[in-house]
Amino acid sequence: MTSIRFDFRSDTVTRPTAEMREAMNAAEVGDDVFGDDPTVNRLEGRAAEMLGKEAALFVPSGTQSNLAALMSHCERGDEYIAGQEAHCYSHEAGGAAVLGSIQPQPIAHQPDGTLALADIEAAIKPDDMHYARTRLLALENTLGGRVIPLDYVRAATDLARRHKLSTHLDGARVFNAKVALGVSVSEIAAPFDTISVCLSKGLGAPVGSVLVGNAELIAKARRLRKMLGGGMRQVGILAAAGLYALENNVARLADDHAHAKVLGQGLSRFQALHVAPVETNMVWVDVDPEIASELNAYLAANGVGLTHGYAGRRQRWVTHLDLGPEAIDGALAVVAKFFD
């Protein structure tokens, strides 16, 4: 098996830096299920402060964070509206339906990643015993590396409130959106009742997410975390990594965005590769079908790791803190050699 030299598979593949490991080693710990792990408490307090909400909850994964949020907003037999590409609908093993008895109502995305306001409104069910009760609108920002505009978010959440729906943001990469938009993360979070933030993607922590919202919802989510098997004990060692990430690794996301633009420009020089506009740290490439399998095999054999979709015809390249300019140049050199 060929080892990966240039790992563009995801921004989840990062390794803790020496400074992050030092923070983990020095972490003061307690029993978080009893609420007395001081490092977890500091992380939760800092996350809530940054996003402008009352409270936060440290959880093992973004999937659990989204599920706890959906189950906090919705009861059995309720429904949530989300996009067809939304992670909480398409990539979380159907947890809301299987574990929460919550019905998803997916809607097709527009080319920019938004959901048409008319489509959202049409999907909201009337108060009729034949239908599931629509309770929640779930959005995602960024979505596949695309930044969802704040004006749209305000309009969509205003629509939800007019219909007495709660709102949740899958903000796994919300700090990428913050950096791209040049606004505070609290401004992005403001229209939402809950926000899930991943610490182990571009921010570089080894594990963990935080769910942020008002105190009542987070208290409900804390009980659900226990039910879902997410109650952890002396977990301040991991919380210290997340706290370090929030305090040190946000501004540097701009480097990942810059590297992704250079990568996208480099890949676009090849006629068989069709590169979508690059907004954050993801580069999407549609490959001419006649060479897709051969190119993907060549890249893998030469140490370039990435993910594929559509029978290998679509590539996703993700930049992150473990990939500097030399990795971009190295990967582009491998691609160029394939086309020589």
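1. Let's start with what packs over helix 7. The cover of its buried residues (buried means under 20% relative accessible area, exposed over 50%, partly exposed in between, with a 1.4 Å probe and protein chains only) includes helix 6 (117–123), strand 5 (133–140), strand 6 (166–171), helix 8 (174–181) and helix 9 (185–189). The buried residues of helix 7 are Leu 150, Tyr 152, Val 153, Ala 156, Thr 157, Leu 159 and Ala 160. As a reminder, an α-helix has 3.6 residues a turn, so residues three or four places apart point the same way.

2. A word on the model before you go on. It is predicted, so local features need pLDDT of at least 70 and side-chain atom pairs count only at pLDDT 80 or more, while totals for chains, interfaces and linings use all residues. Residues are numbered from 1 along each chain as its sequence is written, and side-chain values use heavy atoms, with hydrogens and water left out.

3. How far apart are the end C-alpha atoms of helix 7? They are 18 Å apart, which agrees with the 18 Å expected for the 13 residues of helix 7 (residues 150–162) at 1.5 Å a residue; the expected span is 1.5 Å times one less than the number of residues. After helix 7 comes Lys 164, with a positive phi near 60°.

4. Now for Thr 39, which sits in helix 2 (residues 38–51). Is Thr 39 buried or exposed? Its relative accessibility is 3%, so Thr 39 counts as buried. Apart from neighbours within four places in sequence, Thr 39 has contacts (heavy atoms within 4.5 Å) with Ala 27, Glu 28, Gly 236, Ala 239 and Ala 240.

5. Next, have a look at Pro 289, part of helix 13 (residues 289–301). Pro 289 counts as exposed because its relative accessibility is 56%. From C-alpha to C-alpha, Pro 289 lies 8.3 Å from Gly 312, although the two are 23 residues apart in sequence.

6. Finally, step back to the whole protein. It has 14 helices and 13 strands, taken as DSSP runs (H or I of at least four residues for helices, E of at least two for strands) and numbered from the N terminus. Of the 340 residues, 54% count as buried. The radius of gyration is 21 Å, which agrees with the value near 20 Å for a compact globule of 340 residues; it is taken over C-alpha atoms, and the globule rule is 2.2 Å times the number of residues to the power 0.38. The C-alpha trace spans about 60 × 50 × 35 Å along its principal axes.
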